[in-house]
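Please look through the sequence and the structure shown below before reading on. The report that follows takes up a few parts of the fold in turn.

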Amino acid sequence: MARNPNPQGKGGSTVLATLDDQRGALAEVPPKHIEQVTTELFTSMFVLESDFRFQPVPDKSYYLYRKPEGFWLGITPPRMMREAVGGRFIGVCTLQTDMTWTLELAEDVAADAAFMDWLAAKRRDFEDRLGEAETVDDVLPVYERRFAFYRRASAFAVAHSLGRSMTQSGISGLSYDEARGL
């Protein structure tokens, strides 16, 4: 039996280990059409813009809240969190096995015309950014300096996953308009 020369992991890089875990957690990622890529990228970036300081786990539900100072993602469901403490409950977020995020809006949020208009404007801005980029790959969040560590690692995983999907579908390296034309 081989002996581990570093059983306590001293000197090991937790940053590299976390990034490797994020990348290694990817299931086989299928090729995706540009509409699916952009929807998953928009949703994932929307979730990752929220404050959180924990390592999310695939196939687990998290809860998105909005306070006056911004969005935050937590593990506490709204039935256990008063609005005065957590803010407005926005919806349930799930980290998929391909490291992209889904968001199911709460019924009252989905019925809130002002919120939905705000979200639609945010999506239009995102699509404008896609249209202005030389390639869709340029919009992937490879490194987001403004994010805290686990948000940054999650953004890296989203970029890696969607980059692999785009390569498999033949849209990597194409502009948004070129990819939509396929």
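In this predicted model, the buried residues of helix α2 are Ile34, Val37, Thr38, Glu40, Leu41, Phe42, Thr43, Ser44, Met45, Phe46, Val47 and Leu48. Because 12 of the 15 residues of α2 are buried, this helix is largely enclosed by the rest of the structure. The end C-alpha atoms of α2, which covers residues 34–48, lie 20 Å apart, and this agrees with the 21 Å that its 15 residues should span at 1.5 Å a residue.

Helix α6 is made up of residues 149–169, and its 21 residues reach 30 Å from the first C-alpha to the last, close to the 30 Å expected at 1.5 Å a residue. Its buried residues include Arg151, Ala153, Ser154, Ala155, Ala157 and Val158.

Two packed helices are described by the angle between their axes and the distance between the axes. The axes of α2 and α6 come within 10 Å and cross at roughly 180 degrees. Since angles over 145 degrees count as roughly antiparallel, α2 and α6 are therefore roughly antiparallel to each other. Where they meet, Val37, Glu40, Leu41, Ser44 and Leu48 are the residues from α2, while Arg151, Ser154, Ala155, Val158, Leu162 and Met166 come from α6.

Ser165 is also placed in helix α6, and at 0% relative accessibility it counts as buried. The side chain of Ser165 reaches the backbone oxygen of Pro30 at a distance of 2.9 Å. Leaving aside residues up to four places away in sequence, Ser165 touches Val29, Pro30, Pro31 and Lys32.

Just after α6 comes Gly170, which takes a positive phi of about 80 degrees. Gly170 is also one of the residues that Leu182 touches, the others being His33, Ile171 and Leu174, when residues up to four places away in sequence are not counted. Leu182 itself belongs to the segment after α7, and its relative accessible area of 62% makes it exposed. Although Leu182 and Ile171 are 11 residues apart along the chain, their C-alpha atoms are separated by 8.2 Å.

How are the strands of the sheet ordered? The sheet is open and has 4 strands in the order β2-β1-β3-β4, with antiparallel pairing. Because β2 (70–74) and β4 (101–105) stand at the edges with a single partner strand each, one side of each is left without a neighbour in the sheet. From one strand to the next, the twist averages 30 degrees. Strand β3, residues 88–95, runs antiparallel to β4 and is joined to it by 5 bridges, and Cys93 stands opposite Leu103 in β4. Helix α5, residues 113–132, packs on the sheet and touches β1, β2, β3 and β4, with its direction making about 155 degrees with that of β4.

Two loop residues have a positive phi without being glycine, and the table sets out their values.

| Residue | Phi | Relative accessibility |
|---|---|---|
| Asp59 | near 65 degrees | 56% |
| Met99 | about 75 degrees | 2% |

Is each of these residues buried or exposed? Asp59, in the loop between α2 and β1, is exposed, because its relative accessible area of 56% is over the 50% cut-off. Met99, in the loop between β3 and β4, counts as buried, because its 2% relative accessibility is under the 20% cut-off.

Conventions:
Residues are numbered from 1 along each chain as its sequence is written. This is a predicted model: local features need pLDDT of at least 70, side-chain atom pairs count only at pLDDT 80 or more; totals for chains, interfaces and linings use all residues. Side-chain values use heavy atoms; hydrogens and water are left out. Two strands pair if DSSP finds at least two bridges between them. Helices (H or I, at least four residues) and strands (E, at least two) are DSSP runs, numbered from the N terminus. Axes are lines fitted to C-alpha atoms, for helices over the stretch in contact, and angles run from 0 to 180 degrees between N-to-C directions. Contact means heavy atoms within 4.5 Å. The expected span of a helix is 1.5 Å times one less than its number of residues. Buried means under 20% relative accessible area, exposed over 50%, partly exposed in between (1.4 Å probe, protein chains only). A polar contact is a pair of N or O atoms within 3.5 Å; within protein, one must be able to donate a hydrogen and the other to accept it, and residues adjacent in sequence count only if both atoms are side-chain atoms. Angles under 35 degrees count as roughly parallel, over 145 as roughly antiparallel, 65 to 115 as roughly perpendicular and the rest as oblique.
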